[in-house]
Amino acid sequence: MNRVFRENIGENLRRIRKENKGMRVSEVVDIINENGYELSVDTYYKWERGTRKPPCDAIPYIAQALGISEHIIFHLHEEDCMENDMEYLEELFISMEEKDQDLIEHLILRLYENRKSSLKIF
């Protein structure tokens, strides 16, 4: 099973609100406003439609109103995919251009060397 990444977080917001919570937009907006973030129903609709993206400072309020973790707003995935993270990363790496693979390999080696040199045995 593959992860489902959506660039348009509006699709994620709509899906979470309708499928998981069954809330109306006005209910979500009311909770967001009660928690201290000023928002209109019209603006939230624009976020869901993808005509506007929510600002970063709104994400925690949205997540709280929907009762989810903030990262879920950006990445929807099948639950059992978490078990296949290494397989997913391998497929992603293979799909990259060679120059990008080289860049990733050098970054990993550099991070490994930095970590190794900072380890204290005693």
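Helices here are DSSP runs of H or I with at least four residues, strands are E runs of at least two, and both are numbered from the N terminus. With that in hand, open the model, which is predicted: local features need pLDDT of at least 70, side-chain atom pairs count only at pLDDT 80 or more, and totals for chains, interfaces and linings use all residues. Residues are numbered from 1 along each chain as its sequence is written, and side-chain values use heavy atoms, with hydrogens and water left out.

**The whole chain**

Start with a cartoon view. You should find seven helices and two strands, running β-α-α-α-α-α-β-α-α along the sequence. Now colour by burial, where buried means under 20% relative accessible area, exposed means over 50%, and partly exposed is in between (1.4 Å probe, protein chains only). Of the 122 residues, 24% are buried. Next come contacts, meaning heavy atoms within 4.5 Å. Take those between residues at least 6 apart in sequence: 58% of them join residues at least 24 apart.

**Helix α2**

Select residues 25-34, which is helix α2. Which of its residues are buried? Val-25, Val-28, Val-29 and Ile-32 are. They sit on the same side of α2, because they cover an arc of only 95 degrees around the axis (the arc is that of the directions from the helix axis to the C-beta atoms). The general rule is that an α-helix has 3.6 residues a turn, so residues three or four places apart point the same way. Show α1 (9-21), α3 (41-49) and α4 (59-66) too, since the buried residues of α2 pack against these.

Now click on Glu-27, also in α2. Glu-27 counts as partly exposed because its relative accessibility is 30%. Draw a distance to Leu-66: the two are 39 residues apart along the chain, and their C-alpha atoms are separated by 9.7 Å. Then step just past the end of α2 to Gly-36, which takes a positive phi of about 105 degrees.

**Salt bridges**

Side chains of opposite charge can pair when their charged atoms come close. A salt bridge here is a side-chain nitrogen of Lys or Arg within 4 Å of a carboxyl oxygen of Asp or Glu. The structure holds four of them, and this tour stops at some.

- Arg-24 and Glu-27: the closest N and O atoms are 3.8 Å apart. Arg-24 counts as exposed, at 52% relative accessibility.
- Arg-15 and Glu-19: the closest N and O atoms are 3.3 Å apart. About one helical turn separates these two, because they are four residues apart in helix α1. Arg-15 is partly exposed at 30%, while Glu-19 is exposed at 58%.
- Arg-17 and Glu-48: N to O is 2.6 Å. This pair links distant parts of the chain, with Arg-17 in helix α1 and Glu-48 in helix α3, 31 residues apart. Are they buried or exposed? Both are buried.

**The loop after α3**

Go to Thr-51, in the loop between α3 and α4. Thr-51 is exposed, with a relative accessible area of 57%. Add Gly-10 to the selection: these residues are 41 apart in sequence and 8.5 Å apart in space, C-alpha to C-alpha.

**Last stop: helix α6**

Finish at Leu-89, found in helix α6 (residues 85-95). Leu-89 is partly exposed, at 48% relative accessibility.
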